[in-house]
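Please open the structure in your viewer and keep the sequence panel beside it. We will walk through it stop by stop, selecting a few residues each time.

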Amino acid sequence: MKTDTELDRCPYFHRTAVIMADGEVVTCANFYAENVGHLAGESFAEVWNGDRMVSLRADFGTDKEWPQCKSCWFREIRYARQREAWHEDDATIVHQETAYSARAWNFTRFLKGA
């Protein structure tokens with residue numbers, strides 16, 4: 001059985017790239033994901049392995065964790081745990097209710113000037 005820390009890992013910054021229609025690369029699929037590069041000026045490999053993505057991965061789960069990760073709704077809904085349980089044919093966790101914090105759903109706090 002994996003620990004809570006292992007199960008709270010992010011499904012995005014190791015395996016799934018999010019590229020906007022204009023070529024902007026962002027950290028994840030959350031509405032307030034940070035820009036980490038742009039394909040107009042860099043290759044995908046340069047962005048994916050660049051300083052910002054390396055920092056995001058290294059800081060995850062530490063006291064330097066990025067604000068977007070600290071209040072991520074994917075973590076609040078136990079996304080990784082549900083996904084793993086689904087692959088193990090254990091659907092019980094998928095149907096468990098969970099509470100959401102107001103902080104996780106307050107996307108306006110990431111707007112400039114808000």
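The tour begins with the whole chain and then moves to single elements and residues.

**The whole chain**

Before selecting anything, remember that this is a predicted model, and colour it by confidence: the protein averages a pLDDT of 76, and 58% of the residues score at least 70. If you select helix H1, residues 4-7, you have the element with the lowest mean pLDDT, 51, whereas strand S2, residues 24-26, has the highest, 95. Where pLDDT is low, the predicted coordinates should not be read in detail.

Now switch to a cartoon view, in which you can look for 7 helices and 3 strands. Followed from the N terminus, the elements come in the order α-β-β-β-α-α-α-α-α-α. Of the 114 residues in the protein, 37% are buried. Among contacts between residues at least 6 apart in sequence, 46% join residues at least 24 apart.

**The sheet**

Select the three strands next; they form an open sheet in the order S1-S2-S3, with antiparallel pairing. S1 and strand S3 (35-38) stand at the edges with a single partner strand each, so one side of each has no neighbour in the sheet. Zoom in on S1 and S2, which run antiparallel and are joined by 2 bridges. Here you can show Val18 and find Val26 of S2 standing opposite.

**Two aromatic pairs**

How many aromatic pairs does the count come to? The count comes to 2 aromatic pairs. For one of them, select Phe13 and Phe60: the ring centres are 5.1 Å apart and the planes meet at 65 degrees, so the pair is edge-to-face, a label that needs an angle over 60 degrees. Phe13 lies in the loop between H1 and strand S1, while Phe60 lies in the loop between helix H3 (51-59) and helix H4 (67-70), so this pair ties together parts that are 47 residues apart in sequence. Both Phe13 and Phe60 are buried.

The other pair to select is Phe44 and Trp48, which is stacked, with 5.6 Å from centre to centre and 25 degrees between the planes. Both residues belong to helix H2 (residues 44-48), where they are 4 residues apart, about one turn of the helix. An α-helix has 3.6 residues a turn, so residues three or four places apart point the same way. Is Trp48 buried or exposed? Trp48 is buried, with a relative accessible area of 15%, whereas Phe44 is partly exposed, at 34%.

**From Trp48 to helix H3**

Keep Trp48 on screen and add Arg57, whose charged end sits over the ring of Trp48, 4.8 Å from the ring centre. Arg57 is also one of the buried residues of H3, together with Met53, Leu56 and Asp59. To see what covers these buried residues, display S3, H2 and H4, which are among the parts that do so. Just after H3, select Gly61, whose phi is positive, near 80 degrees.

**Two cysteines**

For the last stop, select Cys28 and Cys69. Cys28 has a relative accessible area of 9%, so Cys28 is buried, and Cys69, at 7%, counts as buried too. A disulfide is a covalent bond between the sulfur atoms of two cysteines. How many disulfides does a search of the whole structure find? The search finds 0 disulfides.

Definitions and conventions: Residues are numbered from 1 along each chain as its sequence is written. This is a predicted model: local features need pLDDT of at least 70, side-chain atom pairs count only at pLDDT 80 or more; totals for chains, interfaces and linings use all residues. Side-chain values use heavy atoms; hydrogens and water are left out. pLDDT is the predictor's confidence in each residue, from 0 to 100. Rings of Phe, Tyr and Trp (its six-membered ring) pair if their centres lie within 6.5 Å; planes under 30 degrees apart count as stacked, over 60 as edge-to-face and the rest as tilted. Buried means under 20% relative accessible area, exposed over 50%, partly exposed in between (1.4 Å probe, protein chains only). A charge sits over a ring if NZ of Lys or CZ of Arg is within 6 Å of the ring centre and within 35 degrees of the ring normal. Two strands pair if DSSP finds at least two bridges between them. A disulfide is a pair of cysteine sulfur atoms within 2.5 Å. Contact means heavy atoms within 4.5 Å.
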